[in-house]
Amino acid sequence: MTECSPSYSPSGRSRVLPGVSTVDVLSLATSALAAAVAASLPIRQLAEQPDDGTKVDDTSSNKNATSNGGPQDQLHVQKNGSEQNVRTKLDGTVVTDADGAAQRIIVAALRHVSPDVRIVGEESRTEMERSNSKTFEETARRFLEMDINAAAGTGSSDDASEDDNTNEEDDESRLGAKHEIAGIFQMVREEINSRYHEATCRRIVMPDILCAGNDSTGNRSNEFNGGLPVLSPRDRVVDSSRVSVLIDPLDGTSCYASGKHEYVTTLVAIVLDNTPIFGVICKPFGHEGEPCILNSGCFAVYGGILLDGVYVAGGDEIDSSRLRRQPSSTSAPADAELAEVSKSKKRRRAIISKSRAGGVVGKCIQALADEDLLQSDPAFISGAGVKALHLLVGSNDESLWFWPKAGTSLWDVAAADALLRVVGGRLSDKYGKDINYDKSRQDANNEDGVVACNDAELHAACIQLFTAADWRDDE
């Protein structure tokens with residue numbers, strides 16, 4: 001690997017005052033990806049557990065339940081058929097033991113890196129405590145402690161393993177999970193460090209992240225789209241108060257409960273100064289035609305400004321990310337090239353849930369098709385995470401996710417936002433404004449919808465057309 005020493009011009013914004021809690025965002029990103037992959041283990045295990053077919057109405061016992069999420073986190077508990085401890089919240093959304101178990105693992109890993117960063121997860125503290133898969137969280141915690149003790153010279157991995165065997169010699173599943181999680185964390189750490197090194201070698205100059213942020217109208221500036229900053233080794237250690245992590249431990253819970261595992265994802269995003277700089281989209285049950293990570297059975301893409309690209313975990317950089325960095329030709333394109341570009345634009349497709357394809361969504365898609373900007377027939381795809389994944393690695397020219405209404409939350413879109421920024425795309429609300437990730441968990445709904453695209457020009461055309469048409473959202 002070629003050695004390089006990135007130079008940078010740190011601004012006052014990037015300096016940290018003595019005594020202030022700090023976090024290395026690269027270490028945080030490593031834990032975010034590794035924990036998302038590790039969380040696939042209980043998600044898969046709980047999906048395979050047999051059910052006894054009983055039903056339990058737990059409404060009365062939860063009638064006065066409270067949590068940091070408020071009354072919407074009160075639950076009606078049901079266990080029926082193939083559904084694994086499926087509970088319906090009072091807001092109508094579904095939650096399972098797997099949601100809480102996955103979030104417990106991810107939060108534990110993040111808190112090991114920093115106890116002070118702001119974490120906003122879909123599931124409340126009460127729901128995490130209800131989950132019955134504490135084995136995996138404990139295994140992840142013990143591995144993290146084992147790893148840091150070895151690094152500090154206060155212990156060794158052999159010592160930790162021996163202690164585990166002494167105390168838990170009859171718990172084969174926990175021991176197996178520990179070794180599997182250890183392999184995941186080691187692979188992720190090596191891979192992310194390598195990707196970061198490559199990124200810093202490519203981007204020698206480190207502009208202040210806010211200098212390429214939003215203009216006075218609240219829209220992202222052209223400078224941001226054209227010059228993506230990479231945090232230097234010095235500037236990546238920041239005041240913890242500047243960092244938020246958003247988690248959706250199991251996007252597509254209804255599909256998970258009904259056995260439609262292909263629509264299930266785990267989403268994690270790291271936000272610095274309200275700008276998503278790193279995102280993870282993990283499919284616990286794998287993605288057709290794509291490699292799985294070690295023996296986990298899951299597939300994941302990750303990246304963002306922090307790494308100057310989007311990558312398949314255990315694989316290569318995705319095509320749209322790699323092609324973005326290729327120098328553009330200074331000569332005028334030939335007629336044949338222009339014709340091919342025009343054809344490729346017509347092949348592009350919108351993606352939307354089948355139940356949401358009518359009204360203003362259908363009108364906008366048709367209007368874009370009339371302008372030869374995409375096909376008139378959308379691809380029907382369920383789940384926010386799977387939609388975002390298709391925008392990144394789809395094989396059928398999936399290009400636009402248009403939903404100008406409430407119905408998604410911050411944790412549904414933050415990872416996609418981080419990833420689309422580095423492939424030449426854009427994610428915003430229906431007015432073209434960036435999402436505000438500083439909102440609280442109780443105020444996490446995206447009331448002004450979401451417009452996500454892997455092509456910034458198509459995104460701009462969609463926003464312009466939608467604004468000019470002045471369609472009502474209830475149509």
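1. A residue counts as buried under 20% relative accessible area, as exposed over 50%, and as partly exposed in between, with a 1.4 Å probe and protein chains only. By this criterion Cys 453, at 0% relative accessibility, is buried. Cys 364 is likewise buried, with a relative accessible area of 0%.

2. The model is a predicted one, in which local features need pLDDT of at least 70 and side-chain atom pairs count only at pLDDT 80 or more, while totals for chains, interfaces and linings use all residues. Residues are numbered from 1 along each chain as its sequence is written, and side-chain values use heavy atoms, leaving out hydrogens and water.

3. A disulfide is defined here as a pair of cysteine sulfur atoms within 2.5 Å. The structure holds zero disulfides. For Cys 364, which is in no disulfide, the nearest cysteine sulfur is that of Cys 462, 3.9 Å away. Cys 462 also carries the closest cysteine sulfur to that of Cys 453, but the separation of 7.7 Å is too far for a bond.

4. Helices (H or I, at least four residues) and strands (E, at least two) are DSSP runs numbered from the N terminus, and two strands pair if DSSP finds at least two bridges between them. One open sheet has five strands in the order β13-β12-β14-β16-β15, with mixed pairing. Its edges are β13 (379-380) and β15 (426-428); each has a single partner strand, so one side of each lacks a neighbour in the sheet.

5. Within this sheet, β14 (residues 398-403) and β16 (residues 450-453) run antiparallel and are joined by four bridges. Which residue of β16 is the bridge partner of Trp 401? The partner is Ala 452.

6. Contact means heavy atoms within 4.5 Å; axes are lines fitted to C-alpha atoms, for helices over the stretch in contact, and angles run from 0 to 180 degrees between N-to-C directions. Helix α13 (residues 384-393) lies across β12 (349-352), β14 and β16, at about 145 degrees to β14. Helix α14 (residues 410-420) lies across β14, β15 and β16, at about 145 degrees to β15.

7. An open sheet of six strands follows the order β5-β7-β8-β9-β10-β11, again with mixed pairing. At its edges stand β5 (118-121) and β11 (309-312), each with a single partner strand, so one side of each is left without a neighbour in the sheet. On average, neighbouring strands of this sheet are turned by 15 degrees against each other, direction ignored.

8. Strand β10 (residues 299-304) runs antiparallel to β11, and four bridges join the two. Val 301 stands opposite Val 312 in β11.
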